[in-house]
Number of protein chains: 2
Amino acid sequence: MKALRIPEATVTRLSIYSRFLERLERRGITTVSSSEIAKGVGVSPAQVRKDLAYFGEFGTRGVGYNVKDLIHYILKILGLTRTWPVVLVGAGNLGTALCTYRGFRDRGFHIVGIFDNDLTKIGKRVQDLEVLPLERLPEVVEEHNVKIGIIAVPLSAVQDTADQLVACGIRALLTFGPVVVDVPEEVVVRNVDLAVKLEILTFNLVFKEIHSVL
Amino acid sequence: MKALRIPEATVTRLSIYSRFLERLERRGITTVSSSEIAKGVGVSPAQVRKDLAYFGEFGTRGVGYNVKDLIHYILKILGLTRTWPVVLVGAGNLGTALCTYRGFRDRGFHIVGIFDNDLTKIGKRVQDLEVLPLERLPEVVEEHNVKIGIIAVPLSAVQDTADQLVACGIRALLTFGPVVVDVPEEVVVRNVDLAVKLEILTFNLVFKEIHSVL
């Protein structure tokens with residue numbers, strides 16, 4: 001049960017480590033040290049060791065980690081040794097962009113339904129999917145046993161959409177933009193606020209400016 | 001110069017604290033404790049105190065922080081007491097969605113130009129902007145003194161686009177999807193990989209399943 005208390009920042013880094021390890025694997029590299037992982041992703045070696053230590057003893061002192069085993073272990077921790085069906089609500093520009101986002105399929109996320117309540121969008125094709133009316137949501141969620149929903153609707157409609165997804169049995173939601181949703185305690189929600197990433201850029205720009213003045 | 005070594009996770013949290021504080025301010029709340037901030041954003045009170053301590057002594061013991069002052073101070077740290085012009089390359093679904101993303105303007109990011117080299121997109125209007133050919137990039141960057149560029153092009157074109165932006169004087173780049181770009185050391189790059197957020201969801205789903213079995 002120890003692993004239940006893993007900090008979210010560690011989970012995020014594991015996700016990033018696994019991408020780096022997959023690149024090594026594609027280049028035929030079979031072992032890697034924590035320092036090499038650290039350098040590859042831009043964190044300290046101590047951080048890498050600390051993150052991996054949450055899951056017990058990995059690697060051999062002086063030899064490092066077996067790349068293939070470590071990838072497998074991280075993917076298992078992240079729940080990615082299987083594929084995950086996902087439903088997407090909102091067939092506007094964001095929803096359409098998400099449907100074609102290569103990063104999802106690469107990691108085993110398959111969008112099995114895209115929904116909208118806008119009559120001008122229903123019936124449109126996005127990739128290999130047809131935009132369906134929201135009434136069809138319960139049926140698709142049940143058919144594919146979907147647990148994950150992505151909300152790509154205007155901010156004013158996010159809470160209603162979340163309510164509908166939760167009512168269908170969705171247990172994990174991804175939202176976009178400056179919005180907070182109320183959901184039952186057992187539902188996990190994570191938000192992508194793209195402005196936060198831009199603020200990391202401005203922070204760095206401002207510090208560089210200060211730095212060059214001093 | 002101490003602040004130059006602020007961990008990026010702290011910068012991210014400051015960005016999130018400021019959003020919470022702005023919600024309090026809109027509700028007319030004038031003082032707040034570190035525990036209240038912690039509860040509002042889902043981190044520990046010790047973490048909030050540690051993050052704010054990077055910037056010296058804030059607040060009054062037993063009284064808490066002045067909401068207005070704290071917002072101003074955080075925005076100053078993040079470089080957000082001014083507006084930032086931004087250029088966006090790629091007028092596909094993602095680029096179009098980003099142009100209409102309310103979270104940017106709310107935080108002072110103004111997209112001043114959207115570019116594409118696809119003849120079917122050039123001349124199209126997105127919000128109040130006309131999609132311009134990439135040749136116009138240097139002129140717009142210079143005119144508005146732009147330092148920040150967002151890359152929303154297909155993965156295969158990301159590196160070329162980054163090179164062009166850097167050549168124009170852009171010093172901070174935001175990229176999307178599973179991609180790594182090579183840029184000169186003085187350029188800051190941050191990447192949004194939306195699948196990482198989905199993996200936090202699956203991690204939580206898997207642990208909830210384990211939890212309910214145990």
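Okay, let's start right in the middle of chain B, where B:S34, B:S35, B:I37 and B:A38 in α2(B) meet B:P45, B:Q47, B:V48 and B:R49 in α3(B). By class, that contact splits into four nonpolar residues, three polar ones and one charged. Before I go on: this is a predicted model, so please keep that in mind throughout.

So how do those two helices sit? Helix α2 of chain B covers residues 34-41 and helix α3 of chain B covers 45-53; their axes come within 8 Å and cross at roughly 110°. That makes α2(B) roughly perpendicular to α3(B). And if you care about handedness, the crossing of α2(B) and α3(B) is right-handed.

Now step back along the chain to helix α1 of chain B, residues 8-26, which packs against α2(B) at an angle of about 100°, with the axes 10 Å apart. α1(B) and α2(B) are therefore roughly perpendicular to each other as well. Which residues do the touching? From α1(B) you get B:I16, B:Y17 and B:F20, and from α2(B) you get B:I37, B:G40 and B:V41. The class count for this one is five nonpolar, one polar and no charged residues. B:I37 is worth a highlight in your viewer, since B:I37 is part of the contact with α1(B) and also part of the contact with α3(B).

α1(B) has another partner, helix α4 of chain B, residues 67-77. Here the axes come within 9 Å and cross at roughly 150°, and the crossing is left-handed. On the α1(B) side we have B:L14, B:Y17, B:S18, B:L21, B:E22, B:L24 and B:E25; facing them in α4(B) are B:V67, B:K68, B:L70, B:I71, B:I74, B:L75 and B:I77. By class that's ten nonpolar, one polar and three charged. B:Y17 shows up here, and B:Y17 was in the α2(B) contact too.

Right, on to chain A. Chain A is divided into domain 1, residues 2-77, and domain 2, residues 84-195. Their centres, taken over C-alpha atoms, are 31 Å apart.

And then the bit where the chains come together. How many residues are in contact? 54 residues of chain A, against 54 residues of chain B. On the chain A side, the elements giving two or more residues are α1 (8-26), α5 (93-99), α6 (102-106), β8 (172-176), β9 (188-192) and α9 (194-213). Which of them gives the most? That would be α9(A), with 15 residues. Sort the chain A side by class and you find 32 nonpolar, eleven polar and eleven charged.

Last thing, the symmetry. A rotation of 180° with 0.0 Å of shift along its axis puts chain A on chain B, at an RMSD of 0.0 Å. The two copies are thus related as by a two-fold rotation axis. Both copies use the same surface, too: 100% of the contact residues of chain A recur in chain B. And if you want to find the axis on screen, go to A:N93; of the residues of chain A, A:N93 comes closest to the axis, with the C-alpha at 2.4 Å.

That's the tour. Happy to pull up any of those contacts if you'd like another look.

Technical notes
Residues are numbered from 1 along each chain as its sequence is written. Chains are lettered from A and ligands numbered from 1 in the order in which they are written. This is a predicted model: local features need pLDDT of at least 70, side-chain atom pairs count only at pLDDT 80 or more; totals for chains, interfaces and linings use all residues. Axes are lines fitted to C-alpha atoms, for helices over the stretch in contact, and angles run from 0 to 180 degrees between N-to-C directions. Helices (H or I, at least four residues) and strands (E, at least two) are DSSP runs, numbered from the N terminus. Angles under 35 degrees count as roughly parallel, over 145 as roughly antiparallel, 65 to 115 as roughly perpendicular and the rest as oblique. A crossing is left-handed if the near helix is turned anticlockwise from the far one by less than a right angle, and right-handed if clockwise. Two residues are in contact if their C-beta atoms, placed from the backbone, lie within 7 Å. Ala, Val, Leu, Ile, Met, Phe, Trp, Tyr, Cys and Pro count as nonpolar, Asp, Glu, Lys and Arg as charged, and the others, Gly among them, as polar. Domain bounds come from an automatic or database domain assignment. Copies are superposed by least squares on the C-alpha atoms of residues with pLDDT of at least 70 in both.
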